[in-house]
Amino acid sequence: MPLVFTETLRLFTPTQPRLVTGREHSDGPEEKQLVHRVFGMADLLRLLLRVAEKAANVARVCRQEAPLFQLLVQEKTGEDKNKKFVQDFKTLADVVIQEMIRHDVRAQFPEMAGFIHGEESNKFENGLGESVTVTVCGTQEETAKLLASVLDGDNTAASLLARAIHQDPVTIEANTDGLTVPLSPSELGIWIDPIDATSQYIEGREEVLEEGHLFPSGLHCALVLIGVYLRSTGEPVMGVINQPFNYKDPAGGGWKGKHFWGVSFGGVNACSESRPKDGPGGGLSAVLSSSEKPVVKEALTSLCGPDKLMYASGAGYKILCVIQGLADVYILSEGSTFKWDSCAPHALLRALGGGVVDLAKCLQSNSGAQGHQTELTYHQPNTECKGADRWANNGGLVAYRDCSQLCSVMGALRGKL
């Protein structure tokens, strides 16, 4: 079977991404080795879509059972505490989802075992003050037994969670068959954010807005994020986003999810989302955190106009708003996001022709806003920091789809920060 090598590609087909192919190679030894690498990448994407849907199922199960959900909340302390929030919660759902993804990826791609990173510590404290290491076991019964030790012997809750962890999800429809990327899983690492916007997930508000508008808060902002990066350079090459609470089924009333994915490496760019068209009326629109610095809000109000400045919860969700065209840019001036927040959506933006840059580096750069030197990378910790801050995006960030819009933002902020 001849190997098809994609030389250059930029696709924006919303439902069935299609690859345009270039020259073909013969079946020599080097080509056969490359075939193995290519199919490994397509297999990895299909696996991540599947485990992200499993993760979404776990998140929905935890919210459906209110007494169970109350048991799941733990507060982060010490070096793991995100200093941006007064209370930054850790839930058992977070840990279970992270370890489930780690387990499933390691089983299919053992060469990635040491490079699957997550937001959460898998140490959990039960009501007796005992520390339990949460892992996914070989069978549903073994996992239920371990979870029962976390849940103070609540076998019903433990069995419910274990069943969701070990249950195969419905088939995820994603046309990845023609995806040819010359990378091996042994060259890659993974960042997992099991539930981004945890505070919104815990609070559980159900916002109702008309289509085409972003959700400022609520369950819609909670996302499962799985980002894949190149170990050698730190560039994000693949991202999977699952929105567990996308809409409610009018027939049964239960929540249904939606998934998004993107791949960007070399000349290969494929994404489940189409590149959004310019919104009506033109002009730049921006999404921010409500806690953003006043000087940034003022500068962007002058640039965009007050009607084009929006606010939303969750770093991952705000970047997803840029991916979907609900906002043109997302700006954050503080170092309160982390590699697990940005890796997955960054890959999707790259596939659409955009990116995520370090705001501080852009403002300091003499060569303009755009450049590889200012794009966020995901392979090296901040060695002068401790705990979660080792993986913080310390310089703030700007997520964008269009380089000209990035330049406009830099022009408005230069000299203000």
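# Exercises on a predicted model

Tyr-229 is buried, its relative accessible area being 4%. The structure used in these exercises is a predicted model.

## Exercise 1. Tyr-229 in its setting

Task: State which strand holds Tyr-229, and how far its C-alpha lies from that of Ile-190.

Solution.
- Step 1. Tyr-229 belongs to strand E9, residues 223-230.
- Step 2. Buried means under 20% relative accessible area. Tyr-229 has 4%, so it counts as buried.
- Step 3. Along the sequence, Tyr-229 and Ile-190 are 39 residues apart. In space, their C-alpha atoms are 6.2 Å apart.

## Exercise 2. The chain as a whole

Task: Give the number of helices and strands, the buried percentage and the share of contacts joining residues at least 24 apart.

Solution.
- Step 1. The protein chain has 11 helices and 17 strands.
- Step 2. It has 417 residues, of which 53% count as buried.
- Step 3. Take the contacts between residues at least 6 apart in sequence: 70% of these join residues at least 24 apart.

## Exercise 3. Two nonpolar cores

Task: Describe the largest nonpolar core and the second, separate core.

Solution.
- Step 1. The largest nonpolar core contains 67 residues, and Leu-48, Leu-147 and Tyr-201 have the most contacts inside it.
- Step 2. Helix H1 (residues 29-64) supplies the largest share of this core, 13 residues.
- Step 3. A second core, separate from that one, has 40 residues, including Phe-215, Leu-326, Tyr-330 and Ala-399.
- Step 4. As background, nonpolar side chains in soluble globular proteins tend to be buried together.

## Exercise 4. Leu-147, helix H4 and helix H5

Task: Name the contacts of Leu-147, then describe how helix H4 packs on helix H5.

Solution.
- Step 1. Neighbours within four places in sequence are set aside. Leu-147 then contacts Leu-92, Val-96, Val-134, Ala-158, Leu-161, Ala-162 and Ile-165.
- Step 2. Leu-147 is one of the buried residues of H4, together with Thr-143, Ala-144, Leu-146, Ala-148 and Val-150. The cover over the buried residues of H4 includes helix H3 (92-108), strand E6 (123-125), strand E7 (131-133) and H5.
- Step 3. H4 (residues 140-150) and H5 (residues 155-166) have axes 8 Å apart, at an angle of about 135°. The two helices are therefore oblique to each other, and the crossing is right-handed.
- Step 4. H4 brings Gln-140, Thr-143, Ala-144, Leu-147 and Ala-148 to the contact. From H5 come Asn-155, Ala-158, Ser-159, Leu-161, Ala-162, Arg-163, Ile-165 and His-166.
- Step 5. By type, the residues of this contact are 7 nonpolar, 5 polar and 1 charged.
- Step 6. Asp-152, just after H4, has a positive phi of about 55°.

## Exercise 5. Helices H7 and H11

Task: Work out the orientation of H7 relative to H11 and the make-up of their contact.

Solution.
- Step 1. The axes of H7 (residues 294-304) and H11 (residues 403-413) come within 9 Å and cross at roughly 125°.
- Step 2. H7 and H11 are therefore oblique to each other. H7 passes H11 in a right-handed crossing.
- Step 3. Val-296, Ala-299 and Leu-303 of H7 meet Ser-408, Val-409, Ala-412 and Leu-413 of H11.
- Step 4. The residues of this contact divide into 6 nonpolar, 1 polar and no charged.

## Exercise 6. Helix H8 and the loop after it

Task: Decide whether H8 is enclosed or open, then place Leu-326 and list its contacts.

Solution.
- Step 1. In H8 (residues 315-324), 9 of the 10 residues are buried, so the helix is largely enclosed by the rest of the structure. Among them are Lys-318 and Cys-321.
- Step 2. Gly-325, just after H8, takes a positive phi of about 85°.
- Step 3. Leu-326 sits in the loop between H8 and strand E15 (329-332).
- Step 4. Leu-326 and Leu-214 are 112 residues apart along the chain, with their C-alpha atoms separated by 6.1 Å.
- Step 5. Beyond neighbours within four places in sequence, Leu-326 contacts Gly-212, His-213, Leu-214, Ser-285, Met-310 and Cys-321.

## Exercise 7. Phi at Ala-197

Task: Give the sign of phi at Ala-197 and say whether the residue is buried or exposed.

Solution.
- Step 1. Most residues other than glycine have a negative phi.
- Step 2. Ala-197 is not a glycine, yet its phi is positive, about 65°.
- Step 3. Ala-197 lies in the loop between strand E8 (188-196) and helix H6 (198-203).
- Step 4. Its relative accessibility is 11%, so Ala-197 counts as buried.

Methods:
Residues numbered from 1 in each chain as written. Predicted model: local features only at pLDDT ≥ 70, side-chain atom pairs only at ≥ 80, totals over all residues. Heavy atoms only, no water. Core = buried A, V, L, I, M, F, W, Y, C linked by side-chain atoms within 4.5 Å. Buried < 20%, exposed > 50% of the residue type's maximum accessible area, 1.4 Å probe, protein only. Helix = DSSP H or I, 4+ residues; strand = E, 2+ residues; numbered from the N terminus. Contact = heavy atoms within 4.5 Å. Axes fitted to C-alpha atoms, helices over the stretch in contact; angles between N-to-C directions. Parallel < 35°, antiparallel > 145°, perpendicular 65-115°, else oblique. Left-handed = near helix turned anticlockwise from the far one by under 90°. Nonpolar A, V, L, I, M, F, W, Y, C, P; charged D, E, K, R; others polar.
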